[in-house]
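Visitor: I am new to this structure. Please take one part and walk me through it closely, then show me what surrounds it.

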Amino acid sequence: MQKHTFTISLFVGIFALTVLAQLGVINQYLQSVIMLMGVNIILSTSLNLVNGYMGEFSCGHGGFMCVGAYVTSVVTVLCFSKNHILGAPLLPPSMALFAFPIALFAGAAAAAVAGLVVAIPSFKTRGDYLAIITLAANYIVISAIDNLEIIGGPRGFMGMNAAVNGMEGIVDIPWMLLWVLFGTLFSVWLLRRFVSSTLGKGVPAIAQDEIAAEIMSVDTNRMKLIAFMLSSGIAGLAGGLFAHILGYVNPHSFDIMKSTEVMVMVYLGGMGSLSGATLSAVLFTVLLEVLRPLEIWKWVVIPLLLILLMQFRPEGIMGNKELSDLFPKLKKYYSFK
Amino acid sequence: MEFFQHLLNALQFGSFYALIALGYTLVYGVLRLINFAHGDIFMVGAYIAYFVAVLLLGGEGMNGLGLSPGLTLAITVPATMILTSLVGVTLERTMYRPLRRKGADRLYVVITALMAGLILENGNLALLGASRKSFPELMEKVVWTFGGISVTNLKLVVVVAAIAVFVLLEFIVSKTKIGMAMRGISYDKFAIPLMGIPLDTIIVFTFILGSSMAGLAGILFAMSYPILEPYMGALIGWKAFIAAVVGGIGDIRGAIVGGFLLGFIEIGVVAVFPSTLRDLFAFSVLLGILWLKPTGLFGVAKTTKI
């Protein structure tokens with residue numbers, strides 16, 4: 001039974017949230033906070049694979065999210081929305097339910113390919129120089145989209161609501177909430193399966209000592225390729241979801257500030273801990289909402305908190321341990337695989 | 001003729017990048033620390049220059065001392081450099097040093113630096129508001145024209161300042177005792193204190209040098225483009241950092257070469273293509289250089305001992 005308790009409670013939780021949202025118990029604002037939380041969880045766990053498990057310093061995660069957001073949006077707008085450049089919708093709105101996951105997948109795949117920009121140089125270099133490459137990649141993505149007039153350039157891109165409306169036209173339930181919850185579950189599950197697999201054990205091995213890992217028959221280049229592409233692909237998924245939650249994307253919402261936010265979440269939670277990254281993403285989203293009345297001071301308080309954290313507990317909230325390592329008794333009640 | 005005009009602009013922009021890149025490279029060379037707050041120290045430098053200048057000159061709703069612009073400039077430059085270096089040293093003392101004492105991983109110091117930069121940016125925005133400050137004119141603009149190329153005295157000052165700073169730093173690092181100590185720390189941080197060299201003093205000195213250069217860049221930038229806003233340091237800082245890395249971070253010649261290279265690339269792109277493509281090309285070229293030569297132009301690949 002304990003093998004399934006966690007899975008069952010997760011699905012019950014998702015079901016309960018959807019029902020509550022449907023009945024209007026959870027209002028729109030709370031729903032959007034929950035959805036942002038989901039997106040943040042996806043982002044922080046995916047960056048944790050590279051910055052935490054693999055010990056690299058990637059500071060351009062926002063760029064991959066941007067690629068995912070734009071590709072997914074272009075696909076859904078192409079299919080379901082009338083756009084003055086991309087033309088009339090290709091599919092009837094009733095197809096939205098099937099096309100949306102495909103669009104999300106396309107966005108994630110495109111982001112994974114964009115991850116190659118970082119993955120290939122990582123064969124030869126690491127540390128500070130790789131950090132610059134990720135940073136430059138972030139700027140290149142944003143700058144490229146700024147210059148693509150066909151998708152709005154610096155003005156942003158919209159029309160994604162058509163796909164969401166199409167889905168709601170079939171069955172009127174809060175579809176975006178459901179997609180975000182399933183997306184979050186899928187990403188965390190995928191990452192968890194990857195890092196605990198035999199193949200995935202190579203990732204922390206690279207973090208510990210790259211040369212030793214290579215001697216121990218870990219194909220480091222292949223591992224790096226997989227880790228970077230997986231991480232950026234999942235970030236692309238987060239981007240696609242994010243774009244459809246807001247119904248509007250702007251390249252500048254994925255700039256270095258976004259990347260910094262994700263880094264804050266990773267280091268707050270602890271490097272190399274998926275439950276830590278999840279927990280810190282939840283905490284961080286709540287913190288952002290609670291501190292909203294502080295307006296701009298919020299962005300003084302949050303960095304200050306992180307600096308204090310670095311001074312007094314540099315390993316983050318969880319260190320590199322999972323929740324079940326810290327509280328072994330919890331193992332009786334759940335196992336998450 | 002237009003070519004020379006662009007060349008001059010490129011030299012001016014390159015000088016700003018080079019001045020900031022020098023600060024990055026100095027701190028990195030000594031501490032192996034990417035001081036991500038450096039771009040924001042540049043911004044703070046520009047603001048300090050603004051306040052000092054307004055205080056001395058008067059205007060902008062403040063009853064200043066009413067000094068003449070020339071005298072104001074003469075006082076503003078050293079005052080800003082000193083005050084900005086104080087900011088840099090404060091960061092070192094309050095944030096980096098405790099971490100260094102604890103022997104924390106380099107990564108944590110880098111994150112602290114990143115966060116310190118955010119605090120400087122947003123703290124400034126919160127304290128001073130979003131209104132942009134316009135910098136008073138301290139130097140009468142003189143335009144010289146040589147056969148179709150017009151040169152303002154300010155542009156010349158900027159380029160000369162960058163080269164002078166480069167020569168000074170190169171001299172300090174390679175010829176003086178304190179420079180030798182800096183190189184020593186970069187070589188082996190653990191053996192140096194055993195040789196009777198005060199580690200912390202040298203590190204503070206490095207921060208003073210780097211931050212005062214950022215302050216100087218701040219004044220010159222504020223004089224050339226007299227609109228100040230809290231986020232002005234972010235993009236220029238990142239670009240200067242990339243310039244430092246392309247030159248080979250930790251190497252003073254590299255910072256100068258990288259800075260000017262970035263200036264030439266940007267102005268070259270703007271001269272041919274629409275100006276919105278500037279960042280795209282600049283970053284792509286730099287990415288290409290790093291792909292081909294991951295240690296930067298002047299960097300030396302290190303071999304790891306097993």
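Guide: What follows is a close look at chain B, one helix in particular, and then its partner chain. Keep in mind that this is a predicted model.

Start with the chain as a whole. Chain B has ten helices and four strands. Read from the N terminus, the order is α-α-α-α-β-β-β-α-α-α-β-α-α-α. Its radius of gyration is 20 Å, close to the 19 Å that the globule rule gives for 306 residues, so chain B is as compact as a globular protein of that length. The C-alpha trace spans about 60 × 45 × 35 Å along its principal axes. Of the 306 residues, 48% count as buried. Now take contacts in chain B between residues at least 6 apart in sequence: 76% of them join residues at least 24 apart.

Next, the chosen part: helix H5 of chain B, residues 153–175. H5(B) has 23 residues. From first C-alpha to last it reaches 32 Å, close to the 33 Å expected at 1.5 Å a residue. Which of its residues are buried? They are Val158(B), Ala161(B), Ala162(B), Val165(B), Phe166(B), Leu169(B) and Val173(B). Look at the spacing of those numbers with one rule in mind. An α-helix has 3.6 residues a turn, so residues three or four places apart point the same way.

What covers these buried residues? The cover includes four helices of chain B: H1 (2–31), H6 (177–187), H7 (199–224) and H9 (252–272).

One of those, H1, leads to an unusual spot. Arg32(B) lies in the loop between H1 and helix H2 (38–57) of chain B. Its phi is near 55 degrees, a positive value in a residue other than glycine. Arg32(B) has 16 C-beta neighbours inside 10 Å, so it counts as partly exposed.

Another loop comes before H5(B). Gly129(B) sits between helix H4 (106–128) and strand S1 (133–134) of chain B. Gly129(B) counts as exposed because it has 11 C-beta neighbours inside 10 Å, and 12 or fewer is the cut-off. The C-alpha atoms of Gly129(B) and Val44(B) are separated by 14 Å, though the two residues are 85 apart along the chain.

Move on to helix H8 of chain B, residues 232–247. Its 16 residues should span 22 Å at 1.5 Å a residue. The end C-alpha atoms are 23 Å apart, which agrees. H8(B) is mostly covered, with 13 of its 16 residues buried. After H8(B) comes Gly248(B), whose phi is positive, near 105 degrees.

Now cross to the partner. 35 residues of chain B are in contact with 30 residues of chain A. On chain A, helices H6 (128–146), H12 (256–269) and H14 (298–312) each supply at least two residues of the touching side. H6(A) gives the most, with eleven residues. By class, this side of chain A has 22 nonpolar, five polar and three charged residues.

Stay with H6 of chain A for a moment, since Ala137(A) is found there. Ala137(A) counts as buried because 27 C-beta neighbours lie inside 10 Å. Leaving out residues up to four places away in sequence, Ala137(A) touches Gly60(A), Gly63(A), Val117(A) and Val118(A). The C-alpha atoms of Ala137(A) and Gly153(A) are 18 Å apart, and the two residues are 16 apart along the chain.

Chain A also holds helix H11, residues 220–246. Its 27 residues should span 39 Å at 1.5 Å a residue, and the end C-alpha atoms are 39 Å apart, which agrees. Of the 27 residues, 21 are buried, so H11(A) is largely enclosed by the rest of the structure. Gly247(A) follows H11(A), with a positive phi near 75 degrees. On the other side, Ser217(A) lies in the loop between helix H10 (210–215) and H11 of chain A. Its phi is near 70 degrees, positive in a residue other than glycine. Ser217(A) is exposed, with 7 other C-beta atoms within 10 Å.

Last, a helix pair. The axes of H4 (residues 96–114) and H7 (residues 161–170) of chain A come within 8 Å and cross at roughly 140 degrees. H4(A) and H7(A) are therefore oblique to each other. H4(A) brings Ala96(A), Leu97(A) and Phe100(A) to the contact, and H7(A) brings Ala163(A), Gly166(A), Met167(A) and Ile170(A). By class, that makes six nonpolar, one polar and no charged residues.

Key
Residues are numbered from 1 along each chain as its sequence is written. Chains are lettered from A and ligands numbered from 1 in the order in which they are written. This is a predicted model: local features need pLDDT of at least 70, side-chain atom pairs count only at pLDDT 80 or more; totals for chains, interfaces and linings use all residues. Axes are lines fitted to C-alpha atoms, for helices over the stretch in contact, and angles run from 0 to 180 degrees between N-to-C directions. Angles under 35 degrees count as roughly parallel, over 145 as roughly antiparallel, 65 to 115 as roughly perpendicular and the rest as oblique. Two residues are in contact if their C-beta atoms, placed from the backbone, lie within 7 Å. Ala, Val, Leu, Ile, Met, Phe, Trp, Tyr, Cys and Pro count as nonpolar, Asp, Glu, Lys and Arg as charged, and the others, Gly among them, as polar. The radius of gyration is taken over C-alpha atoms; the globule rule is 2.2 Å times the number of residues to the power 0.38. A residue is buried if 20 or more other C-beta atoms lie within 10 Å of its own, exposed if 12 or fewer, and partly exposed in between; C-beta atoms are placed from the backbone. The expected span of a helix is 1.5 Å times one less than its number of residues.
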